[in-house]
Structure formats: C-alpha cells, structure tokens
Amino acid sequence: MCPALDKNLGLCDEHAAILPQLWGQLAETIKFWTCRFVVAPATMIKQVIPIKEFFMRYLCLIYYNEKDLNTLSQNARQALSEESYAYCDLLRQKGQFIAAEPLEPVHTATTVRINAGKVATTDGPFAETKEQLGGFFMIDLADLNEAISVASKIPAGRIGSVEVRPIKEGGCA
C-alpha cells in the first residue's frame, strides 16, 4: 500500500513526483489525489503506478433485527457503540477506513419510486424483512479476503450479519 501523507488524502513522495510529468500545472492545483482512490483517468495512472498499488473499496452493510438491538441494556448498547468507535480508530490508523455510520431506525425511512416520470413516496423501508440495514463501513483493502477479515470484527455484526460488497469503480449510482 502506498504510504500516503494523510491516511485518506494526499500522495506519497514517489507518486507526487510523477504527477507533474503527467498533468503539468493541473497536478499542482489538484489537492484531492490519492494513491488508493484513482480520481484521474485510470488508463493514464495505470501506466505509471503499478497495479499492485491499487486497492479496492468495499462496503460492509450491517444488518440486524432492530428488536434485538432494542432489547440490549443501555450499558450493553453503550459498550457496543464504544467498541465500534475504537474499531473505526484502528482501521483509520491502518489506512483502511473511509467512512462508517449507523442509520436511524427503519421507521424513519422513506422509499422513493419513479414510474413513468412520476415520483411516489412511501413511509418505511423498501421491503419488510426480518433484519434491517442498520449501518455501514466503507473500507479500502487489497482484496476480498482482507475485507471479510475486517467485516468479521465489526461489533454490530455479532447481533446480526455483515454483507461485504465491492464498490464498482468509475461509476455513479
């Protein structure tokens, strides 16, 4: 992994040195370059930075039954929250953390549907299920095996499950 100056932003000295050759003055003005998240056209970067330098982003979707979460004592919920913060800090120190957030309860959800150009909204989730999406971690790792290892340590996963999905690069949902 490239030892970026900042865990989430910036370039290491080695890769910063090659940018002016590729981008001239433009490289000097762009401050959001990273060695792990390719912002430039991938074909240009791949010619200069070896493929092994590229990491994959994964989204770890945390599902649990909200009723199970609500049955935890206040102390148990606080301990789970503190453990989650500590895990985020650990991933941040390793340069693997991008983002993590819990979601509000499912009853606060609104589903939006667009049909024939008309927008319709429905209170509540898209589908009634036993487990609900309760939060996510977005991580940056070398491969799926590392992502599974990280996901297996997400504290909230102990009361539900964690789905690990690679993020499709170069797209927009």
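Which helix holds C88? C88 is found in helix α5, and we will come back to this residue after a look at the whole chain.

## The model and its conventions

Welcome to a predicted model, in which local features need pLDDT of at least 70 and side-chain atom pairs count only at pLDDT 80 or more, while totals for chains, interfaces and linings use all residues. Residues are numbered from 1 along each chain as its sequence is written, and side-chain values use heavy atoms, with hydrogens and water left out.

## Overall architecture

The protein has six helices and six strands. Both kinds of element are DSSP runs numbered from the N terminus: helices are H or I with at least four residues, and strands are E with at least two. Along the sequence, the pattern is α-α-α-β-α-α-β-β-β-β-α-β.

Of the 173 residues, 32% count as buried. Here, buried means under 20% relative accessible area, exposed means over 50%, and partly exposed lies in between, using a 1.4 Å probe and protein chains only. The accessible surface comes to about 11,400 Å², and carbon and sulfur atoms account for 56% of that; the areas come from the Shrake-Rupley method with a 1.4 Å probe, and for residues only the protein chains shown count as cover. Taking contacts (heavy atoms within 4.5 Å) between residues at least 6 apart in sequence, 68% join residues at least 24 apart.

## Strand pairing

Strand β1 (residues 56-64) has two partners to look at, where pairing requires DSSP to find at least two bridges between the strands. With strand β5 (residues 132-141), β1 pairs in the antiparallel sense over nine bridges, and L61 has F136 as its bridge partner in β5. With strand β6 (residues 160-166), β1 also runs antiparallel, joined by seven bridges; there, L59 stands opposite R165. As general background, side chains in a regular strand alternate between the two faces of the sheet.

## The β3-β4 hairpin

Strands β3 (residues 110-115) and β4 (residues 118-123) run antiparallel and are joined by six bridges. N115 stands opposite K118 in β4, and the hairpin has two residues between its strands.

Where does A116 lie? A116 lies in the loop between β3 and β4, and is exposed, with a relative accessible area of 75%. Its backbone deserves a look too: A116 has a positive phi of about 55° although it is not a glycine. Most residues other than glycine have a negative phi.

## The largest pocket

The largest pocket holds about 770 Å³ of space. Its closest lining residues to the centre, out of 29 that line the pocket, are Y64, S81, S84, P102 and G134. The elements that give two or more residues to this lining are β1, α4 (66-70), α5 (74-93), β2 (97-102) and β5. Helix α5 makes the largest contribution, with nine residues.

For the method, a 1 Å grid is laid over the protein atoms alone, and a pocket is an open set of points with protein on both sides within 12 Å along at least five of seven lines; lining residues have an atom within 4 Å of a point. Grid points are joined across faces, edges and corners, and the volume is the space filled by probe spheres set on the points. By residue class, the lining divides into 17 nonpolar, six polar and six charged. Ala, Val, Leu, Ile, Met, Phe, Trp, Tyr, Cys and Pro count as nonpolar, Asp, Glu, Lys and Arg as charged, and the others, Gly among them, as polar.

## Three residues in their surroundings

Back to C88 in helix α5: this residue is buried, with a relative accessible area of 11%. Not counting residues up to four places away in sequence, C88 touches F97, A100 and F137. The C-alpha atoms of C88 and I154 are separated by 9.1 Å, although the two are 66 residues apart along the chain.

A151 lies in helix α6 (residues 144-151) and counts as buried at 8% relative accessibility. Leaving aside neighbours within four places in sequence, A151 is in contact with C60, V162 and V164. On the strand side of that contact, V162 is found in β6 and counts as partly exposed at 23% relative accessibility. With neighbours within four places again set aside, V162 is in contact with C60, L61, I62, A151, I154 and G157. V162 and Y64 are 98 residues apart in sequence and 8.7 Å apart in space, C-alpha to C-alpha.

Note on methods
1 Å grid on protein atoms, 1.4 Å probe; cavity = no way out; pocket = protein on both sides within 12 Å on 5 of 7 lines; lining within 4 Å.
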